[in-house]
Amino acid sequence: MNDSSFEAMAQEIDGLLGIDQAKHADWHADSIVVRGYEGIDARTGSISYPLYQSATFAHPAWGESTGYCYSRCGNPTRLELENTIALLEGGKKCMAFSSGMAAITTLLKLLRSGDRVLVSDDLYGGTYRLFSNIYAQYGLEFGYVDLTDLEAAEAAFTPNTRLVFLETPTNPTMKVADIQALADLAHSRGAVLAVDNTFLTMYFQKPFELGADVVVYSGTKYLCGHNDVLSGFLVLRDDSLLEPLFNATMSEGNQLSPFDSWLMLRSLKTLGVRLRQQEANAKRICKALKANPHVTDVFYVGDPDHPDYALSKRQTAGFGAMISFKTDTHRRAIDALERTRLILFAESLGGTESLITYPLVQTHGAIPAPMLDKLGIDDRLLRLSVGIEDVEDLLADLDQAFA
Ligand SMILES: *Cc1c(COP(=O)(O)O)cnc(C)c1O
């Protein structure tokens, strides 16, 4: 088989270029994560999907193939992971990458020099760095706008705008954008809407049901959930963007390895259990932070006082477990970082371990000062990713950190 032929691949491996979306139609997400797309191994009955740790695959005879030829083009363990995620998301095709940044890198291959991307102004610092420091050099233009403000978003469109890249809830200030309205706006201008769904996951937010074309993940966060695997995903609603993106990743070679794919299949099984516990803990912690005299602002989308609470209720099935807050003084923010013991002072989010970060210099260190000022990312802002520990222990840890 010629590994550069998209058509040839389409015929060779069942499900490689898109799933049967009706499969397991009678199962809820909590069952699909446990059982996967193909599920148990047909040959042996192995309940854990096999790890095909092979770079290449033998041809049975001249002109014959098992469908698989080389793991950059297709690997059964990676495909099982991709297909399980596509099914959960309600999409047609998922592609698994070595990191969230690798997934976003491939997404940009939809564009040509001179094309423009509208991007949330309040976003993951690494994405900002990839766009502004790397891809701007190749003739792509990036316009950073407050996509939670529909008028501002509309005014920012230009005739060469091809892609809208949205993070919602935004990071780290937790504003919420109206996905349906942005999808309608993007489509009316001939652009594609991609939603970075890392913070809520398909468990709580289904961008395809609201009109998005591509869903983007850092799988390193909630989908992995154990702070031990880097991964990323692109999920496509239908096959309209499949050929350019599939050809890009197959050529770039930035896919997830078989072993990490296997670990991610293992991680996914507890996605619902973890998220429910994390969200329940987050709601308690949000209340405690709001009552803390040393905390001036709390940003949690599940707080009924959050300005976008009604929009969240309408477009999501849950609120997740990401909380940002501001302390009364800079010193108190630093003290909190140094004094928490159960809660770890570390970058990243979404895992079983509660982590506290300082966005100004950590996750958002790449963002220029004027943009940080405008967003209110200052030296009193902390971001908490709530884990699955005992909530009383987490509350006690925060109490002693502020004492
Ligand atoms: C972490 C993160 C990324 C980048 O993902 P990596 O897996 O670290 O490459 C992208 N978007 C968001 C919202 C993130 O939190």
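This passage describes a loop with two cis peptide bonds and a packed pair of helices in a predicted model.

The model is predicted, and local features are reported only at pLDDT of at least 70, side-chain atom pairs only at pLDDT 80 or more, whereas totals for chains, interfaces and linings use all residues. Residues are numbered from 1 along each chain as its sequence is written, and side-chain values use heavy atoms, with hydrogens and water left out.

The loop between strand 4 (161–167) and helix 7 (179–188) contains Thr173, where helices (H or I, at least four residues) and strands (E, at least two) are DSSP runs numbered from the N terminus. Pro169 lies in this loop, and the peptide bond that leads to Pro169 from Thr168 is cis, with omega near -5°. Pro172 is also placed there, and the bond from Asn171 to Pro172 is likewise cis, with omega near 10°. Thr173 has a relative accessible area of 10% and is therefore buried (under 20% relative accessible area, with exposed over 50% and partly exposed in between, for a 1.4 Å probe and protein chains only). Beyond its neighbours within four places in sequence, Thr173 is in contact (heavy atoms within 4.5 Å) with Asp122, Phe299, Leu375 and Ile377.

Two packed helices are described by the angle between their axes and the distance between the axes. Helix 13 (residues 330–339) and helix 15 (residues 391–402) pack at about 130°, with axes 8 Å apart; axes are lines fitted to C-alpha atoms, for helices over the stretch in contact, and angles run from 0 to 180 degrees between N-to-C directions. Arg332, Ala336 and Arg339 of helix 13 meet Asp397, Gln400, Ala401 and Phe402 of helix 15.
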